[in-house]
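Q: Could you take a close look at the cysteines for me, and then set them in the picture of the whole chain?

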Amino acid sequence: MPELISVIIPIYKVEEYLYDCVTSVINQTYTSLEIILVDDGSPDNCPQMCDDWAKKDSRIRVIHKKNGGLSDARNAGIEISTGEFIAFVDSDDYLKLDMFEKLYTAAKRADADIAACGILTCEGEKQTAWGCNDMVGTPEQIYALLYNDTAYPVAAWNKLYRRKCWKTLRFPVGKTCEDAFTTYQLIHNAERIVMIPEALYCYRIRPGSIMTSSFSLKKMDEEEAWRCNYQFMEQFYPQFRKHAFDFYLQRVNILIHLMNEDDKKIFTEQYQLLQEILKHNFWYVLFCSTISLKPRIKLALDILKQ
């Protein structure tokens, strides 16, 4: 018997995109699915759409809950899931119809705890494929990719996980950049990870989304997330501490560049914190960093301009 995959879809104010998302899961070539639609207090027609789908497909389970954010909705889905494998789909995205079949086949063939595929970014009519390396790796090999400009994508949604990876782990409620808080721990919880190059997850980039918005207080969650990454590496994988720290400094630099002059006045405390992190590590960047020469010089010049 094929093993059950629990597919968790958090839903909030995505009426325009929900049909494409859910039908791309319902019509997967791998049919042994438990499809968990988590209505996170959506104020539009999404709750009714979820209930209507559940009446048509016995594989669908619906949770209606008070709005708690993406992490809380995903966690609610994990709690009631029963599959041997778990997957996440954001409700404004959609999947190639053979995604779960290919991920499951790759996981079984490699005896892997996590299987990851490439990503197709969709911005209006423009589509760009971001493939993964074709490989089977240990956690150590995957960390080397994660902190190399996220050559192992940090996102939760282009992957298939064995349930054991989530045994003691949940998404951080109330935080954005939730995947950066969890991916490094999931890698640690896996014995083997397989990556396949095909771009099977279709990630829709929407104007005004958290990923495309300018600076806000919530953006500081990203600083915390990548700081937690390098602190974890320092404790459990010291050989990657420097790589994780270098990646952290680059993310801090990106955050500070999101701030315009008005933002720097409004978010003075946050600006000064980010500025101090960079300035404190100026000489480290110049002489000790593992970043390659050109981006290292650029980062050092950016720090001098702060």
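**A close look at the cysteines**

A: Happy to help: the structure holds 0 disulfides, a disulfide being a pair of cysteine sulfur atoms within 2.5 Å. Cys21 is in no disulfide, and its nearest cysteine sulfur, that of Cys50, lies 9.7 Å away. As general background, a disulfide is a covalent bond between the sulfur atoms of two cysteines.

Keep in mind that this is a predicted model, where local features need pLDDT of at least 70 and side-chain atom pairs count only at pLDDT 80 or more, while totals for chains, interfaces and linings use all residues. Residues are numbered from 1 along each chain as its sequence is written, and side-chain values use heavy atoms, leaving out hydrogens and water.

Cys21 is buried, with a relative accessible area of 0%, whereas Cys288 is partly exposed at 38%. Here buried means under 20% relative accessible area, exposed over 50%, and partly exposed in between (1.4 Å probe, protein chains only).

Now for the chain around them. Buried residues make up 54% of its 306 residues. The protein chain has 12 helices and 10 strands, counted as DSSP runs (H or I, at least four residues, for helices; E, at least two, for strands) and numbered from the N terminus. Its radius of gyration is 20 Å, close to the 19 Å that the globule rule gives for 306 residues, so the protein chain is as compact as a globular protein of that length. That radius is taken over C-alpha atoms, and the rule is 2.2 Å times the number of residues to the power 0.38.
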